[in-house]
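Colleague: I would like to go through this structure with you. May I put some questions about its aromatic rings and its cysteines?

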Amino acid sequence: LVLYFYPKDNTPGCTKEGQRFRDLKKEFSNLNCEILGVSADKASAHQKFIDKYDFNFSLLADTDRILIKAYGATKAGNRIQRSTFLID
């Protein structure tokens with residue numbers, strides 16, 4: 001599993017990151033590896049983001065930031081630190 005944390009839907013850097021994971025999805029699938037993106041945005045915002053950029057993986061709405069904090073994907077000001085984890 002590739003678990004990646006990103007700050008916000010529909011921002012330039014987060015969009016580019018999501019597009020890159022989308023474009024590499026086949027390569028990850030060939031390695032039996034799923035992709036899951038996580039931010040604090042609501043599920044409805046995630047769905048619009050997925051639809052707009054044809055993302056072929058799921059986005060998790062961690063609005064309470066439980067998973068974000070558990071993985072230490074935070075930085076000063078209660079912001080999300082862009083982070084990626086490979087979980088076997």
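Modeller: The exchange below concerns a predicted model.

Colleague: How many aromatic pairs does the structure hold?

Modeller: A pair of aromatic rings is described by the distance of the centres and the angle of the planes. Rings count as a pair if their centres lie within 6.5 Å. The number of aromatic pairs in the structure is twelve.

Colleague: Is the pair of Phe5 and Phe85 stacked, tilted or edge-to-face?

Modeller: The two ring centres of Phe5 and Phe85 lie 5.9 Å apart, with 90° between the planes. Planes over 60 degrees apart count as edge-to-face. The pair of Phe5 and Phe85 is therefore edge-to-face.

Colleague: How many residues apart are Phe5 and Phe85?

Modeller: Phe5 belongs to strand β1 (residues 2-5), and Phe85 belongs to strand β6 (residues 83-86). Their pair links distant parts of the chain. In sequence, the separation is 80 residues.

Colleague: Is Phe5 buried or exposed?

Modeller: A residue counts as buried under 20% relative accessible area. Phe85, its partner, has 27% relative accessibility and is therefore partly exposed. Phe5 has 0% relative accessibility, so Phe5 is buried.

Colleague: What is the arrangement of the rings of Phe21 and Phe28?

Modeller: The centres of the Phe21 and Phe28 rings are 6.1 Å apart. The angle between their planes is 45°. Angles under 30 degrees count as stacked and those over 60 as edge-to-face, so the rest are tilted. The arrangement of Phe21 and Phe28 is tilted.

Colleague: Which residues form one aromatic cluster with Phe21 and Phe28?

Modeller: Phe21 is a buried member of this cluster, at 11% relative accessibility. Alongside Phe21 and Phe28, the cluster holds Tyr4, Tyr6, Phe49, Tyr53, Phe55 and Phe57.

Colleague: How far apart in space are Asp23 and Phe55, C-alpha to C-alpha?

Modeller: Asp23 is located in helix α1 (residues 12-23) and is partly exposed, with a relative accessible area of 45%. In sequence, Asp23 and Phe55 are 32 residues apart. In space, their C-alpha to C-alpha distance is 8.8 Å.

Colleague: With which residue does the side chain of Asp23 make a polar contact?

Modeller: The contact joins two side chains at 2.9 Å. The partner of Asp23 is Arg22.

Colleague: How many disulfides does the structure hold?

Modeller: A disulfide is a covalent bond between the sulfur atoms of two cysteines, and the cut-off applied here is 2.5 Å. For Cys14, the nearest cysteine sulfur is that of Cys33, 20 Å away. Cys14 is buried at 1% relative accessible area, and Cys33 is buried at 7%. The number of disulfides is zero.

Technical notes. Residues numbered from 1 in each chain as written. Predicted model: local features only at pLDDT ≥ 70, side-chain atom pairs only at ≥ 80, totals over all residues. Heavy atoms only, no water. Phe/Tyr/Trp six-rings, centres within 6.5 Å; stacked < 30°, edge-to-face > 60°. Helix = DSSP H or I, 4+ residues; strand = E, 2+ residues; numbered from the N terminus. Buried < 20%, exposed > 50% of the residue type's maximum accessible area, 1.4 Å probe, protein only. Polar contact = N/O pair within 3.5 Å; in protein donor to acceptor, adjacent residues only side chain to side chain.
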